[in-house]
Amino acid sequence: PYTTLFRSNYANEKLQRLFNEHIFEVEQTLYRKEKIKWDNIGFNDNFACLELIDGKPKGKPGVFLSLDDVWRLKGEEANKKFVLALQKNWSSNDGNGNKLKSKVKMMMTLKKQRKPSLHDVVNMVRKKPSDYFVVPRMDKDIVFGIKHYAGTVMYTVTGFNDKNSENFNSDIKDLLKTSKLPFVVQLFTEVEAKQANKNPAS
C-alpha cells in the first residue's frame with residue numbers, strides 16, 4: 001500500500017537529514033571554528049522536503065497536517081480534499097506552469113533595480129518545500145508526488161485517511177475498563193454507553 005511506502009520514504013528522508021546534519025553541517029562548522037583549511041563540501045540538503053512532509057512552513061500545513069485536517073471525512077471526499085489542499089498550498093508553478101522562468105524573471109527585475117546581493121541569489125537558488133511537491137499529469141484528484149532524496153515518488157491517496165484515524169480498538173477499551181483508577185473506568189463506561197445510545201441495535 002502507498003501509506004506504507006510513504007512512511008518508509010519519510011523515515012529514509014529523516015535518516016538522510018540526520019546524516020547530512022552531522023556529517024556535513026556540524027563537521028564543516030567545526031572546521032570553520034577551528035580555522036582548518038579544507039574544500040567546502042556541497043550536498044543535497046533535504047530539509048525543505050521534510051518541511052513539506054511534517055512541517056508547517058510559512059504557516060501552510062504540510063502533508064501530515066493536511067491529512068489531519070480531513071480526518072473526520074471518509075472515503076473519496078477525504079481523499080480529494082486532502083490532495084486539493086496539498087495542491088493549493090504546494091503547487092508552486094506560476095500561471096504558465098514554469099517555475100524556472102518565473103525565477104529568472106524575478107532575478108532580471110532585481111538586476112534592473114540594483115545589483116543583486118548574495119542574499120538575493122541564495123534565496124533564488126535555495127530549494128523551498130514547494131520545489132519538492134509534484135502535481136501529476138493524470139489522476140490529479142487522488143495522486144500527488146514528492147521529490148525524495150532518492151527520487152520522485154507518486155502516491156495514490158486511497159487509504160491514507162483510513163490509516164490516519166485514531167480509534168481505540170476493543171482490546172484497549174476492555175483493558176482500560178479494568179483499570180484500578182475509578183475515573184478511567186467511568187470514562188470508558190460512559191463513552192461506551194453514549195455510543196450504544198447513538199447506534200441502538202436494530
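In what sense do β1 and β2 pair, antiparallel or parallel, and over how many bridges? They pair in the antiparallel sense, over two bridges. The legends below take that spot and its surroundings one close-up at a time, and the model is a predicted one.

**View 1. β2 sits between two pairing partners, β1 and β3.** On the β1 side, Val134 has Gly145 of β2 as its bridge partner. On the other side, six bridges join β2 to β3 (residues 151-156), and these two strands also run antiparallel. Look for Val143, which stands opposite Thr156 in β3. β2 and β3 make a hairpin, with two residues between them. Five of the six residues of β2 are buried, so the strand is largely enclosed by the rest of the structure.

**View 2. Phe6 meets Phe144 edge-to-face.** The ring centres are 6.3 Å apart and the planes make an angle of 70°. Phe6 belongs to helix α1 (residues 2-33) and Phe144 to strand β2 (residues 143-148), so this contact ties together parts that are 138 residues apart in sequence. Both rings are tucked away: Phe6 has a relative accessible area of 4%, which makes it buried, and Phe144 is buried too, at 0%.

**View 3. Phe144 also stacks with Phe133.** Here the centres lie 6.2 Å apart, with 10° between the planes. With planes under 30 degrees apart counting as stacked and over 60 as edge-to-face, Phe144 takes part in a stacked pair with Phe133 and an edge-to-face pair with Phe6. Phe133 sits in strand β1 (residues 133-134) and Phe144 in β2, eleven residues apart, and the pair links these distant parts of the chain. At 5% relative accessibility, Phe133 is buried as well.

**View 4. Zoom out a little and the rings join up into one aromatic cluster.** Its members are Phe6, Tyr10, Phe64, Phe82, Phe133, Phe144, Tyr155 and Phe160. So the cluster takes in the rings of the two previous views, Phe6, Phe133 and Phe144. Searching the whole structure turns up eleven aromatic pairs.

**View 5. A lysine lies over a tryptophan ring.** This close-up swaps ring pairs for a charge and a ring. Lys60 lies over the face of Trp90, at 5.4 Å from the ring centre.

Definitions and conventions: Residues are numbered from 1 along each chain as its sequence is written. This is a predicted model: local features need pLDDT of at least 70, side-chain atom pairs count only at pLDDT 80 or more; totals for chains, interfaces and linings use all residues. Side-chain values use heavy atoms; hydrogens and water are left out. Rings of Phe, Tyr and Trp (its six-membered ring) pair if their centres lie within 6.5 Å; planes under 30 degrees apart count as stacked, over 60 as edge-to-face and the rest as tilted. Helices (H or I, at least four residues) and strands (E, at least two) are DSSP runs, numbered from the N terminus. Buried means under 20% relative accessible area, exposed over 50%, partly exposed in between (1.4 Å probe, protein chains only). A charge sits over a ring if NZ of Lys or CZ of Arg is within 6 Å of the ring centre and within 35 degrees of the ring normal. Two strands pair if DSSP finds at least two bridges between them.
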